[in-house]
Structures are given as structure tokens and as C-alpha cells.
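Biologist: Could you take a close look at one part of this model for me and walk me through what surrounds it? I would love one connected account rather than a list.

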Amino acid sequence: PKPNPNPDPDPAPYPKPKQPNPNPDPDPNLDPNPNPAARAALMNMLSRVMGGEPNPKPKPRDLLGIVGMVQHLHGQGRPREAVALAEELLRYIGELDLAPADHDHVGASARLYLGHALRTLGLHDRAMAAYEQGFAAERRSGGSEEAAFLGSMASAAGDAGDLHRQAALTEELLRVFRNAGDRRNESAALSNLGGALRGLGEPRRAAACYEESIGIEREVKDRTREGAALKRLADTLREIDAGELPRAVECYEQSLAIFREVGQRRDAGVTVTNLAEALAALGQSRRAIACYWEGVAVFREMGDRAAEAAARRRIVKLYEDLGEAPPNPYPNSNPSDDSDPNANPSGNPNPDPNKPKPSPNPAARGLVMCMISRVMGGKPGEPSRAQLDKVVAVVDELRGRGRLRNAAAVSPSLSQSPRPTLSLCLSLRFQDGQ
């Protein structure tokens with residue numbers, strides 16, 4: 001085929017955002033018939049806002065007071081009531097003789113909070129429609145909430161999985177903040193754009209966004225957000241290629257120092273374990289082990305048992321890779337509060353022979369044997385260590401999904417199988433907080 005004689009000199013990396021409907025009324029998603037209960041509640045609220053007038057003739061500021069009630073209902077965890085009140089308010093203002101600018105301003109505000117409540121209910125398409133119509137009305141009225149609508153539309157696009165549109169809307173929002181000289185929100189928009197670009201598989205562009213965000217946070221001296229941006233940059237650098245790992249380690253170390261400085265313990269725990277992963281990938285296993293132990297201490301302090309168990313398993317794996325026997329994975333632990341109640345804490349190799357052994361759970365044993373058979377492909381014989389570890393991963397998944405009783409039932413039966421592993425013992429230790 002012949003080349004295009006007039007190629008686009010700068011093709012867009014993703015589609016431009018869909019332009020909002022310039023004439024939002026009538027709303028195709030809004031039932032034109034009033035909701036009697038919602039109308040009664042609306043009129044009662046208007047009467048209260050206007051000082052008890054029996055037949056209120058509201059002004060725009062009174063109607064904005066009702067918008068505040070929509071926001072309050074949503075903030076109180078009552079999104080359905082917020083949706084009903086916002087929709088009734090939109091129907092009501094359509095019946096009033098308001099100036100076009102006032103109608104647009106009140107309608108835009110109502111649609112903004114209507115969209116928030118619809119997103120909470122998981123109605124992303126309806127939320128996006130509300131935001132688009134509100135955005136068009138806000139522009140017509142010359143209001144100052146353009147950034148709020150763009151940010152909300154970008155978030156709604158992300159909720160719906162439309163990362164291309166999320167990125168495009170976030171870039172438009174970024175231009176608004178830059179034109180306004182709003183450095184803090186410019187940094188936040190850069191961070192959100194970086195997240196969308198990572199989701200689109202563009203880590204280099206995402207890294208550039210995070211680097212710019214870091215510069216702004218240093219300029220405004222926000223240490224906590226600087227630490228978060230450094231961690232995101234490090235995570236992104238690891239996605240690019242192995243050649244960026246040393247730089248990722250450097251960013252993790254800077255981020256970790258900031259989180260320690262500002263007292264963000266949980267963020268410090270997550271960052272130090274990510275640093276350990278990067279160090280392990282570079283072959284620096286002993287430094288990685290030291291970082292994992294620090295993560296263990298933080299997660300233990302925070303009460304995050306699952307994260308603590310995961311870090312301990314990685315420690316064991318690194319020792320295995322080094323060809324060394326791992327040390328006691330629970331140094332200085334108190335057997336009275338978090339040891340396996342069936343363990344022998346004294347270290348006596350000859351425990352009480354008269355102590356009855358725990359009885360296997362037939363249903364759990366059957367489930368375990370079924371899982372072992374599946375990972376072995378139905379072949380007879382004794383499962384390997386790697387195959388048992390796959391079954392242990394199922395226990396971890398059960399715990400991660402909140403099914404602690406299921407995990408606790410399966411674990412003891414699995415520990416009685418032919419070759420229990422240390423990683424299984426670590427998993428057992430964190431069932432139901434035992």
C-alpha cells in the first residue's frame with residue numbers, strides 16, 4: 001500500500017478521552033418521574049435549610065445545601081440514599097425557573113456527588129455518565145471544579161479497567177494543575193499517571209512520571225509522599241529489566257530511610273521486603289536475608305501474621321539456595337503466646353510418650369490427599385518437597401482469602417503427610433493466630 005502522504009506528526013499514544021455530551025439535559029439515565037419518598041425527604045430538607053418555610057422557593061445556595069446532604073449521606077456509608085436524593089434534586093431543579101448558569105452550577109455539583117455514590121455501589125458506567133454530564137455543566141457555568149471532575153472520571157475509568165482512558169484523562173488533569181501552579185496536586189496526578197502507564201505496560205514512561213513527582217515532593221518538602229514516590233519508582237524500575245536493579249535498590253534504600261524517619265512502620269516493612277527481593281535478584285542473598293528479618297520484626301509488631309509468615313518462608317528459601325541449614329526461624333519467641341501448642345518447646349528430643357497424638361480430621365485428610373494427587377498428576381508414590389510446597393500455597397491462599405478455619409483444618413492433616421517441610425511449619429504457625 002502507498003504510504004500516507006500526510007502522516008500524523010505526533011500520533012497519540014492512546015485514544016483521546018471521549019468528549020462529554022455538551023447538552024446533558026435530559027439525563028438518559030434519570031427517570032423523569034419523581035420518587036415520592038425521595039421528593040418528600042427533599043422538600044423536608046429544603047424546608048429545614050430555609051428556616052422552616054412551608055412552601056420553599058429555594059435559591060441556588062439552598063439547593064447547594066441539599067448537595068451537601070448528598071455528600072453527607074455518602075460519607076456516612078449510605079450511598080443508595082445519596083443516589084436517591086441526588087437524582088430527585090436533579091429532577092426538582094429541572095422544574096424550577098433558575099438562571100442557566102445557576103442551573104448548571106447546582107446540577108454539576110449534584111452530579112459530582114451522585115457519581116461518587118454510584119461508584120461506591122459499583123455502577124461504574126452510570127457514574128461515568130454522571131461525571132461527564134456534570135463536567136460539561138461545570139464548564140458552561142464557569143465553575144472551579146473542573147479538576148474534581150477530571151480526577152473523578154479518571155478514577156471511574158480505572159475502576160472500569162479502561163486504562164487508556166484513565167491515562168488520557170489524568171494527562172488532561174495534569175495540564176490543569178500545571179496551569180494553576182498547584183504543585184502538590186501536580187505531583188499526585190503524576191503519580192496516578194504513572195500507575196496507569198504501568199498497567200498499560202509502559203514502565204519507562206511511568207518511571208519518568210515518578211521521577212518528576214519525587215522532584216516536586218522534595219521541592220514542597222513532603223517527606224512522606226517523597227518516600228512513597230521513591231518506592232513506586234523502585235517497583236517500576238524492577239519491571240523494566242535486570243539492568244535497573246541497582247538503581248531500584250538505591251531508591252528502596254532512600255524510601256526506607258524516609259519511612260523510618262517519619263515513623264511509617266508498615267510502609268517501612270513493605271519497602272524493606274521489596275528491597276530484599278531486589279537484593280536477592282542481584283545475588284546478594286545475605287543482605288536480602290537481613291532485610292527480610294527486619295521485615296519480620298515490623299510485621300510482627302504490626303500484627304500482620306500473613307506478611308510475617310511470607311517473609312520467613314523467603315528467608316528459608318534463601319538459606320536453601322545458599323546450601324545452608326536455616327537457623328531457628330523464631331528466635332527469642334515466647335512459646336507461651338505464639339508457638340504451636342502441640343510442639344515440644346523445651347527442646348527435649350524425647351517428648352512425653354503418654355501425650356496423645358492429635359487425631360486426623362478425615363474430611364481434611366481426604367482433601368489433602370486429593371490436592372497432593374492433583375499436583376502429582378495422579379501418579380502413585382510419595383510427593384516431592386516441591387509438590388508439597390504447592391499444597392502449602394493453597395493453605396496460604398485460604399488464609400489470604402480470610403478462610404482461616406479451612407486453612408487451620410487442612411494444615412494439621414498436611415503436616416502428617418510423608419514429607420512435611422519447614423515452609424509448611426511456618427504456615428502452620430500462623431493459623432488462627434496460633
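**A close look at helix α6**

Modeller: Happy to! Let me start just past the end of the part I have picked: α6 is followed by G161, a residue with a positive phi, near 85°. Please keep in mind throughout that this is a predicted model.

Now to the helix proper. The 14 residues of α6 should span 20 Å at 1.5 Å a residue, and the end C-alpha atoms are indeed 20 Å apart, so the expected and modelled spans agree.

Next, which residues of α6 are buried? They are A147, F149, L150, S152, M153, A154, A156 and A157. As for what covers them, the elements include α4 (100-120), α5 and α7 (163-180).

One of those buried residues, F149, brings us to the aromatic rings. A search of the whole structure finds one aromatic pair. Its members are F135 and F149, with ring centres 6.5 Å apart and 45° between the planes, which makes the arrangement tilted. The pair links distant parts of the chain, since F135 sits in helix α5 (residues 124-141) and F149 in helix α6 (residues 146-159), 14 residues apart. Both partners, F135 and F149, are buried.

Another buried residue of α6, A154, leads across to α7, the helix that holds T170. T170 has 3% relative accessibility, and it counts as buried because that value is under the 20% cut-off. Setting aside neighbours within four places in sequence, T170 is in contact with A154, A189, N192 and L193. A154 therefore appears twice in this account, as a buried residue of α6 and as a contact of T170.

For the backbone, it may help to set another residue beside G161. K221 also has a positive phi, of about 60°, although K221 is not a glycine. This residue lies in the loop between α9 (203-220) and α10 (223-240). Is K221 buried or exposed? With a relative accessibility of 69%, K221 counts as exposed.

Finally, a word on the cysteines, in case you wondered about cross-links. The count of disulfides comes to zero. C251 counts as buried because its relative accessibility is 6%, and C291 counts as buried because its value is 12%.

Definitions and conventions:
Residues numbered from 1 in each chain as written. Predicted model: local features only at pLDDT ≥ 70, side-chain atom pairs only at ≥ 80, totals over all residues. Heavy atoms only, no water. Phe/Tyr/Trp six-rings, centres within 6.5 Å; stacked < 30°, edge-to-face > 60°. Helix = DSSP H or I, 4+ residues; strand = E, 2+ residues; numbered from the N terminus. Buried < 20%, exposed > 50% of the residue type's maximum accessible area, 1.4 Å probe, protein only. Disulfide = S-S within 2.5 Å. Expected span 1.5 Å × (residues − 1). Contact = heavy atoms within 4.5 Å.
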